[in-house]
Amino acid sequence: MHGNITDHQFRELIEQLTAHCPSVVPFVNWIDATYETFVDSPPSVKSLVRAIAASSPVCGFIRPNENVHGLIGELISGVNVFSCPVKVKLLHEECPVLFAALRDLGSSILPRTWRPMFQELLTKSLAPFIDGTSAPPASFSDVHADVLSFFPTLPKRRPRNFYLADATRRKEEICTKKHPGHSFFLPGIFTLFCPHGFNYGFEVMQKHESPNVPFTIFLTRFGKAPRIIIYDNACNLHSYCLNRNPVFFKDTIFLVDRFHWKNHKGCMRQRLYI
């Protein structure tokens with residue numbers, strides 16, 4: 001049983017996946033064989049499917065660090081990571097969607113039909129950082145003061161530079177979020193706060209807000225990218241950063257704040273700031 005699609009549509013789906021993403025085929029067949037319809041699958045399995053199908057960067061789902069990659073590698077090899085509390089904690093914190101799916105299945109190992117897909121996801125999560133661009137070293141000789149910005153403790157350290165992605169006109173948004181607009185509103189002021197609620201400073205925006213504003217602030221004013229960035233448009237900011245300077249933002253976790261969470265329609269939405 002294939003739920004709301006016909007046998008013909010399901011065969012077409014498998015043909016398309018076989019041609020373009022063959023590693024996903026065993027996983028889809030597993031869902032079809034395990035549940036009468038997709039609707040009957042546990043919420044955690046649905047969340048896993050949505051995460052895989054989303055247009056969000058894979059490295060937001062499988063973090064590009066040694067510990068996470070080692071853990072996923074063990075799962076792919078058939079290791080029972082649930083026998084080790086430290087590994088269970090790591091899986092729960094770093095890959096909560098996968099953790100929940102395995103927990104609800106009552107499985108201590110990754111199903112064999114899932115392993116080809118996760119092997120490819122593991123490879124893709126590192127792809128942006130192979131031969132990636134790193135931030136230029138701090139240089140004060142060609143950095144000019146910006147009269148529309150005020151960050152007293154974060155002076156400019158380096159220029160933003162120009163990237164190949166800046167020249168393209170293709171739409172870069174991976175997620176569309178509903179938000180009210182008004183033709184008479186001014187672009188506004190972009191502010192930056194630390195976790196304790198102190199304001200680092202602000203920038204008067206000349207154009208309507210886009211991921212370029214926070215990207216430029218973090219790249220030009222921070223010696224090292226923040227470990228966590230909480231932003232209402234974090235999904236698109238993550239993609240924007242990976243398309244320009246992935247190495248600088250490699251260890252950064254991008255989170256959408258709770259207030260704006262419900263407005264997001266297309267991203268993976270795996271993580272939430274609480």
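1. Eleven helices and five strands make up the secondary structure of this protein. Please keep in mind as you read that the model is predicted. Of the 274 residues in the protein, 42% are buried. The accessible surface comes to about 15,800 Å², and carbon and sulfur atoms hold 57% of that area. Among contacts with a separation of 6 or more, 63% join residues that are 24 or more positions apart.

2. A good place to start is the interior. The largest nonpolar core contains 35 residues, and I72, L91, L98, W114 and F118 have the most contacts inside it. Seven helices each supply at least two residues of this core: α1 (7-20), α2 (25-34), α3 (43-53), α4 (66-76), α5 (85-94), α6 (96-105) and α7 (115-126). Apart from this core there is another, of 23 residues, with Y163, I217, F218 and V256 among them.

3. W114 deserves a look of its own. Setting aside neighbours within four places in sequence, W114 is in contact with F27, W30, L48, L98, A101, L102 and L105.

4. Next, have a look at helix α4. Its buried residues are V68, H69, L71, I72, L75 and I76. Viewed down the helix axis, these buried residues fall within an arc of 160 degrees, so they line one face of α4. E66 and N67, on the other side of α4, are exposed. The cover over the buried residues of α4 includes α5, α6 and α7.

5. Within α4, L71 is a handy residue to click on. L71 has a relative accessible area of 4%, under the 20% limit, and is therefore buried. Not counting residues up to four places away in sequence, L71 touches V81, K87, L90 and L91. The C-alpha atoms of L71 and V88 are 9.5 Å apart, and the two residues are separated by 17 positions in sequence.

6. Now for the charged pairs. Side chains of opposite charge can pair when their charged atoms come close. Across the whole structure there are seven salt bridges. One of the seven joins K89 and E93, with 2.7 Å between the closest N and O atoms. K89 and E93 are four residues apart in helix α5, which means about one helical turn separates them. E93 is partly exposed, at 42% relative accessibility.

7. Which residues are linked with D166 in a network of salt bridges? They are R160 and R244. The side chains of R160 and D166 meet at 2.9 Å, N to O, while the closest N and O atoms of R244 and D166 are 2.7 Å apart. The R244 pair links distant parts of the chain, 78 residues apart: D166 belongs to helix α8, and R244 to the loop between α10 (234-242) and β5 (253-255). As for accessibility, R244 is buried at 4%, R160 is buried at 18%, and D166 is partly exposed at 23%.

8. N161 has a backbone feature you may want to check on screen. N161 is not a glycine, yet its phi is positive, at about 75 degrees. N161 sits in the loop between β1 and α8 (164-167) and is partly exposed, with a relative accessible area of 38%.

9. Finally, a word on the surface. F150, I189, F202 and V204 make a nonpolar surface patch of about 340 Å². F150 lies in strand β1 (residues 149-150) and counts as partly exposed, at 47% relative accessibility.

Technical notes: Residues numbered from 1 in each chain as written. Predicted model: local features only at pLDDT ≥ 70, side-chain atom pairs only at ≥ 80, totals over all residues. Heavy atoms only, no water. Core = buried A, V, L, I, M, F, W, Y, C linked by side-chain atoms within 4.5 Å. Buried < 20%, exposed > 50% of the residue type's maximum accessible area, 1.4 Å probe, protein only. Contact = heavy atoms within 4.5 Å. Patch = residues over 30% accessible without salt bridge, like charges linked within 9 Å, V, L, I, M, F, W, Y side chains within 5 Å. Areas by Shrake-Rupley, 256 points an atom, 1.4 Å probe, with all protein chains shown as cover. Salt bridge = Lys/Arg side-chain N within 4 Å of Asp/Glu carboxyl O. Arc of directions from axis to C-beta.
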